[in-house]
Amino acid sequence: MILMLMLKMIANVESGPIPEAFKPEFLTLIDGTISLPLNIPGTHYYNGLKARENIISIIRRMIKERRACPSSQPDMLDSLLQIEDSNHKKISDENIIDQVITIIHSGYETVSTTTMMIIKYLHDHPKALQDLREEHLAIREQKQSSTDPINWEEYKTMRFTRAVIFETLRLAAVTNGGMRKTTRDMELNGYVVPKGWRIYLYTRELYHDPILYPEPLSFNPWRWTKDTNLEGHKYFMLFGRGGRLCAGKELAFVVISIFLHYFVTKFRWEEIGECKLVEFPKVRAPNGLFIRVSNY
C-alpha cells in the first residue's frame, strides 16, 4: 500500500505494468543497501546493484513517456522535469532518477515498517488500542457523512496517535543512526578523529536508556503525552537533527495517522500464527506479520 502511494505521489501511477515490475526490483535494492559490499554474483549487494540498473531503466521509460506527452501532471516527476538550476538549465535525467530512487527508498521502507510495528504493538496492548480508537471515533462522530475525509485541523488533534507513532519508533527504530564525514581534524573525549574519516553514529541504544525513558522496553505511548518535551530534547534523533532533519517527517506522520484512522474505526484484527521480529540490521518480520481482519 505504501509503495503504491509513493508511486502515485511521484509519478501518478496507480496500477499497471510499472508497479508490478518496480516492486520486486525495489525490494531487492533495499536488501542490497544493508549488505556487505561484495560485488560477487549471488550476493545481496550484487543483486541490489542489478536491481538498481533495472529501476533506472523503468524510470527512464517513465521520463521518456512523460516528455512525449507533455501534459501537466499533479506529481513530483512533473515538478522535477520543470525545475531549472541557477543557470536556467533543466536538471539532468540522471539527477531526476537519483532523486526519485532516494525519495522512494527513504519514504517507503520507513513508513511501511513503522506501520507494521504499530499494528503489532496495538494488538499486544489493548489499552493503547482502546485509547487510540476513542480518539479517532471522536473525530468520526463530528462528521456529517462516513465518507467525509480528514482535514488538517482534525489531523492536528490526533495527539495520542502521534504518541503511538513516536513510541513505536523508539522501540523499533527503522534507522540505526546516520553517517557523517569529518571535514577537519576533531577532538572527542581526548581522541583525535582525523579529517576525511567516515563516522557512523549508532543511536538505537539512546532510546533504550532508562534515564531518558523509564522502563525503556515497555510500550508506553502515554510517556509522550505526559512529557511534551521528549520530542525536542537533544538526545532525540529519530529524524536527525538541525539542518539534517528529515524533510519527510511530517508527511510520514500524516500518512500513518490517516491509515490508522480508517483502520481502527472500521476494522478489528487478530494475529495468525507467531510473528518473528528481527531488529538488526533493521527492524523486520522475515516471515511476515499475518493478521485476520474483520469489521469493527
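Guide: Helices (H or I, at least four residues) and strands (E, at least two) are DSSP runs, numbered from the N terminus. The model discussed here is predicted.

Visitor: In which loop does C246 lie?

Guide: C246 carries the UniProt annotation "binding site", taken from an unreviewed entry. In the model, C246 falls outside the helices, in the loop between α9 (222–226) and α10.

Visitor: Is C246 buried, partly exposed or exposed?

Guide: The buried class requires a relative accessible area under 20%, and the exposed class one over 50%. C246 has 38% relative accessibility, and therefore counts as partly exposed.

Visitor: What percentage of residues 1–15 is helix?

Guide: For residues 1–15, UniProt lists "signal peptide" in an unreviewed entry. The C-alpha atoms at the two ends of this span are 12 Å apart. Strand accounts for 0% of the span, and the helix share is 67%.

Visitor: Which helix gives the most residues to the lining of the second largest pocket?

Guide: This pocket has a volume of about 860 Å³. Its lining draws at least two residues from each of α1 (2–11), α2 (17–33), α5 (93–124) and α10 (249–266). With 7 residues, the greatest contributor to the lining is α5.

Visitor: How many charged residues are in the lining of the second largest pocket?

Guide: The lining comprises 27 residues, and those nearest the pocket centre are M1, Y108, S112, T113 and M116. By class, 18 of the lining residues are nonpolar and 4 are polar, while the number of charged residues is 5.

Visitor: K120 is found in which helix, and is K120 buried or exposed?

Guide: K120 belongs to helix α5. Its relative accessible area is 13%, and the cut-off for burial is under 20%. K120 of helix α5 is therefore buried.

Visitor: With which side chain does the side chain of K120 make a polar contact?

Guide: Apart from residues up to four places away in sequence, K120 touches E271, C275, L277 and L289. At a distance of 2.9 Å, the side chain of K120 makes a polar contact with the side chain of E271.

Visitor: Which side chain is joined to that of T161 by a polar contact?

Guide: T161 is found in helix α8 (residues 159–171), and is buried, with a relative accessible area of 0%. Setting aside residues up to four places away in sequence, T161 touches L132, E135, H136, S257 and L260. The polar contact, 2.7 Å long, joins the side chain of T161 to that of H136.

Visitor: The backbone oxygen of which residue lies 2.6 Å from a polar atom of the side chain of S257?

Guide: S257 is in helix α10 and counts as buried, at 2% relative accessibility. Beyond its neighbours within four places in sequence, S257 is in contact with H136, Y155, M158, T161 and I165. The backbone oxygen at 2.6 Å from the serine side chain belongs to F253.

Visitor: What is the relative accessibility of I59?

Guide: I59 lies in helix α3 (residues 44–68). Not counting residues up to four places away in sequence, I59 touches I97, V100 and I101. I59 counts as buried because its relative accessibility is 2%.

Visitor: The side chain of D209 reaches the backbone nitrogen of which residue?

Guide: D209 is in the loop between β4 (198–202) and α9. It is partly exposed, with a relative accessible area of 25%. At 2.8 Å, the side chain of D209 reaches the backbone nitrogen of I211.

Visitor: Near what value is phi of E215?

Guide: E215 also has its place in the loop between β4 and α9. At 60% relative accessibility, E215 counts as exposed. E215 is a residue other than glycine with a positive phi, near 50°.

Visitor: Is N189 buried or exposed?

Guide: N189 sits in the loop between β2 (186–188) and β3 (191–193). Its phi is positive, near 55°, in a residue other than glycine. The relative accessible area of N189 is 73%, and exposure requires over 50%, so N189 is exposed.

Note on methods. Residues numbered from 1 in each chain as written. Predicted model: local features only at pLDDT ≥ 70, side-chain atom pairs only at ≥ 80, totals over all residues. Heavy atoms only, no water. UniProt positions renumbered as here; feature names shortened; annotations may be inferred. 1 Å grid on protein atoms, 1.4 Å probe; cavity = no way out; pocket = protein on both sides within 12 Å on 5 of 7 lines; lining within 4 Å. Points joined across faces, edges and corners; volume = space filled by probe spheres on them. Nonpolar A, V, L, I, M, F, W, Y, C, P; charged D, E, K, R; others polar. Buried < 20%, exposed > 50% of the residue type's maximum accessible area, 1.4 Å probe, protein only. Polar contact = N/O pair within 3.5 Å; in protein donor to acceptor, adjacent residues only side chain to side chain. Contact = heavy atoms within 4.5 Å.
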